[in-house]
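Take the whole chain before its parts. Then follow one sheet, strand by strand.

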Amino acid sequence: MSDERVSEASSGEERGGGRAEPSHGDAVGAHSPSTSPQRRSTIFFLPPHHHHHHLPPFSVYVASQPTPPTRNPVRVAPASLAWRRKHALKCEDSFFFPREKSGLNLCSRSDNMKKFNIRKVLDGLKEASSSSSSTFSSSSAPSVQVGPQDNHLVQENLQSEHFQLCKLIPPLHHRRNLMHLGTGTKTVRHGFPYQPSSMAFDPVQKILAIGTQRGALRLFGRPGVESYCQHESEAAVIQLQFLINEGALVSALADDTVHLWNLRQKRPAILHSLKFSKERITFCHLPFQSKWLYIGTERGNVHIVNVESFMLSGYVIMWNKAIELSSKAHPGPVVHISDNPMDEGKLIIGYESGIVVLWDLKSKKADYRYTYDEAIHSVAWHHEGKQFTCSHSDGTLTIWNVRGQGKPIQTITPHGKQPKDGKKPEPCKPILKVEYKTTRIGEPFIILSGGLSYDTVGRRPCLTVMHGKSTAVLEMDYPIVDFLTLCETPYPNDFQEPYAVVVLLEKDLVVIDLAQNGYPIFENPYPLSIHESPVTCCEYLADCPVDLIPALYSVGSRQKRQGYSKKEWPISGGNWGQGTQSYPEIIITGHADGTVKFWDASAMMLQVLYKLKTAKVFDRNRSKEDKGSTEVSDEDPFAIQLMTWCPESRMLCVAGVSANIIIYRFSKLEVTTEVVQLLEVRMQYELNDMESPEGGSGEQTSAGASPQTSGPPSHPSTSSNNSDGSNMPCLKVRSTQLKQSPGYQVDLVVQLVWVSGEPPHQITSLALNSSYGLVVFGNSNGLAVVDYIQKTIVLNMATVELYGSNDPYQRQPRSPRKSRQPSGGLCDINEGSATSEDRCKSPTSVLLSVCPPRGANPLDHRDNSFSRSRSSSVTSIDKEAKEALLSFQFCETFARKGDSTLSPCLYVGTSLGSVMALAIMLPPAGEQRQLQPVILSPTGMLIRLKGSIMRLAFMDSAGSLLPPANDPWFEPNVSVDGEEREKVRKRRPVSVSPSSSQDLNEGQYAVACSEKQAKVLSLPTQTCIYKHSITETSFILRADVVQMSNGVCLACFCANGHIMTLSLPGLRPLMDVNYLPLTDMRIARTFCFTNLGQAMYMCSPTEVQRITYSQDTCENLQEMLGELFTPVETPEAPNRGFFKGLFGGGAQSLDREELFGELAAGRASRSLAQHMPGPGGIEGMKGAASGVVGDLARARIALDERGQKLGELDERTAAMMASADSFSKHAHDMMLKCKDKKWYQF
């Protein structure tokens, strides 16, 4: 019975079965299930107890017994029949927890036992906390209490109904899994569309659509109005066509399918699909205000589709009828189709080989054929329909008269050198696209991409704008994928009046203003610059202080570039959502070039607030030898690896891959720093250097380990005293003065230096506390604590010394290594790739490269390469001897077992699953804090878990989260003395300190989560009261303790793609959804949970995916989403004029229905294409909710659908009643008017 969820009763006195095996004491960890004795389960019922008012009228007991049996029951809450019916889910719904994830093993049974199937239990009761492996111990060992006792009962408000996982259209390979789970497919995706392939624009609605090579569709309206959709096949989008001002879009894919999207709903959905089976689609064209879509194929044929019914017409233009009958060669695929702007009955078809045909739709024959000896890439009409322009593969443009046969009237080579002897200019690169746009006053615009001469090697891609006699060549940063000219009118037969060009690049979107001299670009308001430098790490904070975003915006607004167009952004369609969710959210991204970007992520939008360049702190000057040798410039020595931020005090600390740490303060004033203050730290640990196994304060390095000798003097130091090069830092801090703009200003730089010819190990963990003035960081050697107020190192200690004499590992001494294996960079520690620290050839080199090349995304080149998590895979270090520090948490708690008072502490988690504590003694505030040293003393190991420690947190006795103490922000550059500043600081109380929120005599809970399991300790007794095995077969990549609107939970993201939430402190499973089955390293590296049920990760190198696991947010999403379609009147058609109407010179209309309809053209062959109705549904809500509310959500949606239909019926009835009332009123008025009239007066 692997699918049951089991809840434990809240009664402490009846928890006799909640006992764990304590062979090493529970503090040392539990045995794995494989070592537990053979046992059987007995299930029986007991009458209810009067004092359990919250229990149902019967109880289920499960006794899991070793042989010989000792009756020791675990109280398990039951489910009433009505409740079970209400929440019944199918067995295959993987929301139920397999045995490895649930607390109790209910299916170990003897042969004479029948399988007892408990479907689900009341969420109001506690989940059985201990796993089957720890429920019973062997009878020889004394037992330790693991189940909660009476004084550890905390009222938990969070239930599984509060959780629902929502995202916007997951990729297909796991979307099918989510549908039967009932997982919603909702929030938002930000950033530049990854690998774009096509683009379209609706000139009336002013909406831009971009398709990608992975089948994604991104729609952009005004800033803040975005939508993301995904084609199921994930095939590349080769072309997009709007039904202009109709709220619909046609997409053609590389798998030869055509889809019709409905944009009149907040979440666009496919209405119809057509799959071609015999021919490959190469080009589509949908005339303005037409319902007939022309589709060109690789065979050279043109098919016609009715976009209303998405059925093929029997009318087909065959290639052999279009070209000369005398020509036997195939003309190639169709590369262009468009109708004559002045005559809808004339269709121009361009073939790849260079043949263009003007086809008469009525007479079903070719009027004219135009032949050129170079391949065609695109065709553009003059608006009067008398001329058209073709772009060719030799870099030429040919201009043709419609009625002129033979040769083009003009041939232009925009970038070719014209020979003096009158010969043809030398060939250039292909012109991939040309557009010809006319204006009422002045010369037409010819805009083209490509066509550069072959001798311009290394020149960047260009867009060329030819206007009259002037030619402007606009260089782009990336290759051009597509471009579109935005015009004032949607009518092709009117003067176009172009005003802007949208250029879609491989990694950017540029909009050029054609109306201003010099063609300036518009400032892009979309958050498309996330990938400006590859993202290496992320942090996400929801419900942060309200003054933060304005403060960051005010300093960030000064960083904006100048020279943009003064006009408003031209893509301005849609309307913002009306959601009421209004708490501030901030996303912070760290990048490979050392920049840190702050983003306002409130209200489902994303906007850059402020950009910090950390590389300014270091010297970039390189010697000439370095520049000449093997592309050192391709490296990223400044890449950000870890970030920690205190939102209240606005203190920021970042760790780079070059083993450097920078501490920043936030200031609104500009300041010039004469000398950047620097601390150099030597962290090296070899066991054979130790004199005693205890370590003591002993010689952990050849330089000594005590705080007095491990760091430099407290005054600023910019260089090492060692002349042998063994004390060299990886990056050189600049020695010149540094002008620091308002915003984040460097306060202190800490650098790990080379020791004994070996580069420093990667920094694996980082934490900051603004109230204590401390920063702690750790790696595989140990930890160091820096007092950034006094600018000193207060502790530099090897990991083994944290254990004291209680080290559980027999570590083997070893001699210094001759060659060192890589330990990371931005790569996974397990990989040992050549892109990490083994590049550091010599300890004397000033600049060290410890990260991947800039050309390859450091999070992309090893996407599918990890088999273990970054935390526990310490294969680059000898695992018996090395233990990396992975998690830190500052808190005011009980430092030692049995303490009665709270004191500042630092809890430490390691890669081998140990949790240890250090007590912190702080000097008194004020002047003493500047002078007296901070003292940290280890208090030993508290507990051990299976796997690396991922997260530590603290809760008070009422179950509320205890955040670390923090100081409010103050302006650091105000010229006041220390005492006055202390007064300023004391005026505002420190937010949420444990001593103020709870009685000093009350206990606390410490939460520790590892890769495999979670445990909750009661403090100060340090006993484990709850334990839950989260996964056996996989491991956790990210775990966060988060504050929900009505409680606290532990959120976990597993390497097998599951997202899980557990209640705290009871560790009841609340949600388990298989979200991303195949996780790559980028997602593992960037996944973050935050408060109020929000999470994010980098779903591609250029895009951020935001998801929510909060039921409240999911329910409000519909209101929060913006609307793409807004009712807008189509502009009036151009006036034909009196004489043109009289003499037939205006546009000729065509009754396409008469030509292409079934009556005239017959039916198309059924084998040619298959019609598939889309899942368009009401607002795409067929994907229901996850969690136990799945069935209810599906039922609710069915009711909504029914309600919507009833609502429509009500509206029609009301309209009919109003019409009847109106008719009755008019009839009554007429009767009164005519009542006294004689018949002859009418």
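Accessible areas here come from the Shrake-Rupley method with a 1.4 Å probe, and for residues only the protein chains shown count as cover. On that basis the protein chain exposes about 51700 Å². Carbon and sulfur atoms supply 51% of this area.

This is a predicted model: local features need pLDDT of at least 70, side-chain atom pairs count only at pLDDT 80 or more, and totals for chains, interfaces and linings use all residues. Residues are numbered from 1 along each chain as its sequence is written, and side-chain values use heavy atoms, with hydrogens and water left out.

The protein chain has 1242 residues, and 58% of them count as buried (under 20% relative accessible area, 1.4 Å probe, protein chains only). It holds 17 helices (DSSP H or I, at least four residues) and 67 strands (DSSP E, at least two), numbered from the N terminus. Contact means heavy atoms within 4.5 Å. Of the contacts between residues at least 6 apart in sequence, 63% join residues at least 24 apart.

Confidence comes next. Mean pLDDT, the predictor's confidence in each residue from 0 to 100, is 75 for the protein chain. A value of 70 or more is reached by 67% of the residues. Residues 976–980 fall below 50, and this stretch has 2 contacts beyond near neighbours in sequence.

Now the sheet. Four strands form an open sheet in the order β60-β61-β62-β63, with antiparallel pairing (at least two DSSP bridges between two strands). β60 (1036–1044) and β63 (1069–1074) each have a single partner strand, so one side of each lacks a neighbour in the sheet. The twist averages 15 degrees from one strand to the next (axes are lines fitted to C-alpha atoms; angles run from 0 to 180 degrees between N-to-C directions). Strand β62 (residues 1058–1063) pairs with β63 over 5 bridges, in the antiparallel sense. L1062 stands opposite P1069 in β63.

Notes. Buried means under 20% relative accessible area, exposed over 50%, partly exposed in between (1.4 Å probe, protein chains only).
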